[in-house]
Amino acid sequence: MKETIAYECEFCGKIYKNLASCKSHEYKCYFNPRTRSCASCALNRYEEQSVSEGVTRMTRICLMSVPVEVEGLKTKCRLYQEKMHVANSEILEPMIDQ
């Protein structure tokens, strides 16, 4: 058996053989707060939607009504709030009540 060194993204857990590839991915990873992406935003939620009778699916929504892409996640959002703000109603409630 051959031992292999692998590198894991600190934000999403993807595995890479090459350190440079992993660093490149981490820089633009949707779960990296630096990208200000829906994936790591406190305003991101999932809502159950009915597709047909008896069939539902989970759909990503934004509490600030920012359109969330179906095929990709929005990045560099000016309304982005870090996940640590989820429990802080003083920060989130005034934004949502606008």
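# Exercises on a predicted model

Of the 98 residues of the protein, 30% count as buried. The model is predicted. Its pLDDT averages 84, and 85% of the residues score at least 70.

## Exercise 1: Fold and confidence

Task: Give the order of helices and strands along the sequence, then find which elements have the lowest and the highest mean pLDDT.

Solution.
- Step 1. Count the elements. There are 2 helices and 4 strands.
- Step 2. Read along the sequence. The pattern is β-β-α-β-β-α.
- Step 3. Place the elements. Strand E1 covers residues 7-8. Helix H1 spans residues 19-28. Strand E3 runs over 44-52, and strand E4 over 55-62. Helix H2 takes residues 89-96.
- Step 4. Rank by confidence. Helix H2 has the lowest mean pLDDT, 68. Strand E1 has the highest, 97.
- Step 5. Check the contacts. Among those between residues at least 6 apart in sequence, 32% join residues at least 24 apart.

## Exercise 2: Cysteines without a bond

Task: Determine how many disulfides the protein has, and explain the result for Cys29 and Cys62.

Solution.
- Step 1. Set the cut-off. A disulfide needs two cysteine sulfur atoms within 2.5 Å.
- Step 2. Apply the cut-off. The count is 0 disulfides.
- Step 3. Take Cys29. The nearest cysteine sulfur belongs to Cys12, 3.8 Å away, and Cys29 is in no disulfide. The 2.5 Å cut-off is why this pair does not count.
- Step 4. Take Cys62. Its sulfur lies 6.1 Å from the closest cysteine sulfur, that of Cys41, so the two are too far apart for a bond.
- Step 5. Add accessibility. Cys29 is buried at 3% relative accessible area. Cys62 is buried too, at 18%. The cut-off for buried is under 20%.

## Exercise 3: The cavity

Task: Describe the largest cavity by volume, by the lining residues closest to its centre and by the classes of its lining.

Solution.
- Step 1. Count. The protein has 1 cavity of 30 Å³ or more.
- Step 2. Size. The volume of the largest cavity is about 90 Å³.
- Step 3. Lining. Of the 14 residues that line the largest cavity, those closest to its centre are Cys38, Cys41, Cys62, Val66 and Cys77.
- Step 4. Classes. The lining has 10 nonpolar, 2 polar and 2 charged residues.
- Step 5. Link back. Cys62 and Cys41 appear in this lining. They are also the pair whose sulfurs are 6.1 Å apart.

## Exercise 4: Helix H1

Task: Compare two residues of helix H1, His25 and Ser21: which is buried and which is partly exposed?

Solution.
- Step 1. Locate both. His25 is in helix H1, and Ser21 is in helix H1.
- Step 2. Classify. His25 has 10% relative accessibility, so it counts as buried. Ser21 has 35% and is partly exposed.
- Step 3. List the partners of His25. Leaving aside neighbours within four places in sequence, His25 contacts Cys9, Cys12, Lys14 and Tyr16.
- Step 4. Relate Ser21 to Cys9. The two are 12 residues apart in sequence, and their C-alpha atoms are 9.9 Å apart.

## Exercise 5: Positive phi in the loops

Task: Find where Arg36 and Ser65 lie, and give the phi of each.

Solution.
- Step 1. Recall the background. Most residues other than glycine have a negative phi.
- Step 2. Take Arg36. Its phi is near 50°, a positive value. Arg36 sits in the loop between H1 and strand E3. At 33% relative accessibility, it is partly exposed.
- Step 3. Take Ser65. Its phi is near 60°, also positive. Ser65 sits in the loop between strand E4 and H2. At 65% relative accessibility, it is exposed.
- Step 4. Add a distance. The C-alpha atoms of Ser65 and Leu43 are separated by 9.4 Å, with their positions 22 residues apart along the chain.

## Exercise 6: A buried loop residue

Task: Say where Ala39 lies, and whether it is buried or exposed.

Solution.
- Step 1. Locate. Ala39 is in the loop between H1 and E3.
- Step 2. Classify. Its relative accessible area is 8%, so Ala39 is buried.
- Step 3. Look along the chain. Ala39 and Lys83 are 44 residues apart in the chain, and their C-alpha atoms are separated by 9.8 Å.

Note on methods:
Residues numbered from 1 in each chain as written. Predicted model: local features only at pLDDT ≥ 70, side-chain atom pairs only at ≥ 80, totals over all residues. Heavy atoms only, no water. pLDDT = per-residue confidence, 0-100. Buried < 20%, exposed > 50% of the residue type's maximum accessible area, 1.4 Å probe, protein only. 1 Å grid on protein atoms, 1.4 Å probe; cavity = no way out; pocket = protein on both sides within 12 Å on 5 of 7 lines; lining within 4 Å. Points joined across faces, edges and corners; volume = space filled by probe spheres on them. Nonpolar A, V, L, I, M, F, W, Y, C, P; charged D, E, K, R; others polar. Contact = heavy atoms within 4.5 Å.
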